Amino acid sequence: SSRIAQWSPGPAANAVFAMSEPYVHLLASSVPKRYCFRLVFRDLKADAPFDGTARIALDLLSPTSAVELHAKDIEVQSASVTASGGQVVPMTRAEVRESTETVLLHFDSRLSGEVVLECAYRGKVRGPLSGVYHCTFEGGVAGVSTHFEPVFARYAFPCIDEPKAKASFQLTIVAPEGLTAVSNMPETSSRPAEAEGASLTEHVFADTPRMSSYLVGFAIGDFGVIRLPSGEAPVPMSLYAQRGREESGRFALQIAARSLAFFEKFFGEKFPLPKLDVVVPPAFPIGGMENWGFITLTNRVLMGEAASLQKRQGVAGLAAHEVSHMWFGDLVTPCWWDDLWLKEGFASWVNLLPLEEFFPSWRVWDHWASDTLYSSADGGKGGALEIDQYRATHPVEVPVNHPSEVQEIFDGLSYNKGSAIVNMLYHSLGRDTFRQGLSAWLTRYKNSNSTTKELWSELSKASGQGVAEMADTWTKQMGFPVLQVSRRASDTGGDVWVVRQRRFALPQQGGEPEDGAEGPAAKRAKPSLWTIPLRVVHDEAGAGGAAPE
């Protein structure tokens, strides 16, 4: 996704990373294989109820008389489990656990192995940007869209809402007639339907590949659509926006299509879905979201021919960012939110590669250096060096002990410092070596999950260098170094160049000095050291000609 929370330095900045109540992963007890959900929307206004039915193929890893699923603001009305032998076991009661945002479904019999859980439930349309949320189209027409990252799929359907719990999803959306429904996969059929006297249409969508629950998405509304002609993109691509405004999204759609083709070559891996849609809901307060095959973007990407260069650059960067996630985040997904920085930092860097090729006059890397490292032009992100100069900062790799902590690390360090670290590795290892290691990582972990450590391992194999040993000094400790370079005469003639490093950090307001300064804090603290790839360019006095490196 493309969103960065505002950050301000202060003593409380580290408080969000304090240990919370231990989180128990549901994936430790049951593994989902396939979900089939049918969601019926008679009314799309905020707080309106919707009815759902679920059919979930599960592998229960040990005998149990209760099945636990993530569910928030969902009322499970009935449920049963069909065991592998065909025995149907009805639910005796549903126990709602508010503290863990789960529902525990109890049964009279002990269950184990492969089972099929079926249930009926009721949820509700929510406010902006969590779960199934309400949005208003022109003329007051009600619609809904979804946002499930990081842990909001549980508002739409009972599931194991963890990134490592990959499964296939088959959605059927029943919505008021006359409205368009879009989801991750192509629509396979539609037909009229009725519910309590309301005229509805049933939209059936194809099964997804194995994917994480937070990447599922759908939208219902009065959308207009533009479609790219065959041959302009690797797969069919369309853009959905408020009717009458769809044409103003053509530039975003074209950049998304060109980026898709670029990344297929760069990653050495074809886009695996049969289509890619770009959807612009009326209400979407963040930049974008990489739902697999169903990218959602802010309506700020809708623009006229007279749009400024700065506006066009922002739209292009956003579109390319979300398209890059189709591989880095969707095809290969972090095992857990500890590695959020990797997918977001990587996307914030790699989105510039296609733009550099498409628009060389834009000088995208000059803007990247000023906006990403120092201070962003929009004032809402905070450059990596700007944020990381304070004592009250945090490493980009942050242990996430509970999903409630995830929102706090959608910040400038995850995106901007992460982007800078990836850029450093790319130039240190070299383009071809970096791509070789990246391609090997995608091939090995596609349709699965991975970690920062596993990416470093593939880059190490490709380069023959200890990538983790270098990169860990940048991702696992806070702050950044300042280098002092000095020259002195050698005893044997010539010059000796001496490079020293220390952490650059401003003292906390009213507090003690940071590393490298005198004072109790400096004496207690373990000095920070970074493994720094250096390139030295200098002139040889009197040599004339080109300066050696």
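Which residues does Ser65 touch, not counting residues up to four places away in sequence? Let's find out together. One reminder before you click: this is a predicted model.

**Stop 1: Ser65 and its contacts**

Select Ser65, and then add Leu105, His106, Phe107, Ser109 and Arg110. Those five residues are the ones Ser65 touches, leaving aside residues up to four places away in sequence. Now colour strand S2, residues 49-70, and you will see that Ser65 has its place there. Is Ser65 buried, exposed or partly exposed? Its relative accessible area is 27%, so Ser65 counts as partly exposed. Next, add Met91 and draw a distance between the two C-alpha atoms. Ser65 and Met91 are 26 residues apart along the chain, and their C-alpha atoms are separated by 9.7 Å.

**Stop 2: Aromatic pairs**

Let's turn to the rings. The structure holds 35 aromatic pairs. For one of them, select Phe359 and Trp362, which form a stacked pair. Their centres are 3.9 Å apart, with 10 degrees between the planes. If you switch on the surface, remember that both Phe359 and Trp362 are buried.

Then select Trp365 and Trp368 to see an aromatic pair that is edge-to-face. Here the rings lie 5.7 Å apart, centre to centre, and the angle between the planes is 70 degrees. Why are these two separated by about one helical turn? Show helix H5, residues 364-374: Trp365 and Trp368 are three residues apart in that helix, so about one turn separates them. Check their exposure too. Trp365 is partly exposed, at 22% relative accessible area, whereas Trp368 is buried, at 9%. The cut-off for buried is under 20%, so these two values fall on opposite sides of it.

**Stop 3: Arginines over rings**

Select Arg258 together with Phe358. Arg258 lies over the face of Phe358, 4.1 Å from the ring centre. For another example, move to Arg312 and Phe251. The charged end of Arg312 sits over the ring of Phe251, at 4.3 Å from its centre.

**Stop 4: A nonpolar patch**

Finish on the surface. Select Leu483, Val485, Trp497, Val499, Leu534 and Val536, which form a nonpolar patch with about 550 Å² of accessible area together. Which elements give two or more residues to the patch? Colour strand S20 (480-489) and strand S21 (495-504) to see them. Finally, zoom in on Val485, which lies in strand S20. With 52% relative accessibility, Val485 counts as exposed.

How values were computed. Residues numbered from 1 in each chain as written. Predicted model: local features only at pLDDT ≥ 70, side-chain atom pairs only at ≥ 80, totals over all residues. Heavy atoms only, no water. Phe/Tyr/Trp six-rings, centres within 6.5 Å; stacked < 30°, edge-to-face > 60°. Buried < 20%, exposed > 50% of the residue type's maximum accessible area, 1.4 Å probe, protein only. Helix = DSSP H or I, 4+ residues; strand = E, 2+ residues; numbered from the N terminus. Lys NZ or Arg CZ within 6 Å of the ring centre and 35° of its normal. Contact = heavy atoms within 4.5 Å. Patch = residues over 30% accessible without salt bridge, like charges linked within 9 Å, V, L, I, M, F, W, Y side chains within 5 Å. Areas by Shrake-Rupley, 256 points an atom, 1.4 Å probe, with all protein chains shown as cover. Salt bridge = Lys/Arg side-chain N within 4 Å of Asp/Glu carboxyl O.
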